[in-house]
Amino acid sequence: MIIQFSAGKLILSPFEVQVRLDNGCQLYAMVDDIKFHQDALMLVADAGAVRWNIKLDSNEQLQEIKDELGIA
């Protein structure tokens, strides 16, 4: 599944999340390393030594990602 947001696009698979930013940066994380901060509309990848976060545009995008990845 592909979700467009203001800074680029998210590509979701059952095992991995890819973030392709418009500036050419690409970020990857395993689904098990993904968390959400609902109030801040943040998608956070935390794999210990590597951590990144992306601010989404809307609560609907956040919910769509959660639904697709099966994350409560």
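**Figure 1. Four strands side by side in an open sheet.** In this predicted model, β1, β2, β3 and β4 line up in that order to form an open sheet with antiparallel pairing. Look for the edges: β1 (residues 2-5) and β4 (residues 26-30) each pair on one side only. From one strand to the next, the twist averages 15°.

**Figure 2. A closer look at β3 and β4.** Strand β3 covers residues 16-21, and five bridges join it to β4 in the antiparallel sense. To find your way around this pair, start at Val19, which stands opposite Leu27 in β4.

**Figure 3. A helix laid across the sheet.** Helix α1, made of residues 59-69, lies across β1, β2 (8-12) and β3. Compare the helix with β1 and you will find that α1 runs at about 165° to that strand.

**Figure 4. The two faces of β5.** Which side chains of β5 (residues 34-37) are buried? Follow the strand and you will see the side chains alternate. Ile34 and Phe36 point to one face and are buried, while Lys35 and His37 point to the other face and are not buried.

**Figure 5. The hairpin of β5 and β6.** Four bridges hold the pairing of β5 with β6 (residues 42-46), and the sense is antiparallel. Here Phe36 has Leu43 as its bridge partner in β6. Between the two strands there are four residues, and Leu41 lies in this loop. Take a moment over the backbone of Leu41: its phi is near 55°, a positive value in a residue other than glycine. Most residues other than glycine have a negative phi. Is Leu41 buried or exposed? Its relative accessible area is 16%, so Leu41 counts as buried, the cut-off being under 20%.

**Figure 6. The largest nonpolar core.** This core has 19 residues, and those with the most contacts inside it are Leu10, Val17, Ile34, Leu43, Trp52 and Ile65. The elements that give two or more residues to the core are β1, β2, β3, β5, β6, β7 (51-55) and α1. Which element gives the largest share? That is helix α1, with three residues.

**Figure 7. Leu43 and the residues it touches.** Leaving aside residues up to four places away in sequence, Leu43 touches Leu10, Val17, Ile34, Lys35, Phe36, Trp52, Asn53, Ile54, Leu56 and Ile65. You have met Phe36 already, as the residue whose bridge partner in β6 is Leu43.

Conventions
Residues are numbered from 1 along each chain as its sequence is written. This is a predicted model: local features need pLDDT of at least 70, side-chain atom pairs count only at pLDDT 80 or more; totals for chains, interfaces and linings use all residues. Side-chain values use heavy atoms; hydrogens and water are left out. Buried means under 20% relative accessible area, exposed over 50%, partly exposed in between (1.4 Å probe, protein chains only). Two strands pair if DSSP finds at least two bridges between them. Axes are lines fitted to C-alpha atoms, for helices over the stretch in contact, and angles run from 0 to 180 degrees between N-to-C directions. Contact means heavy atoms within 4.5 Å. A nonpolar core is a set of buried Ala, Val, Leu, Ile, Met, Phe, Trp, Tyr and Cys residues joined through side-chain atoms within 4.5 Å.
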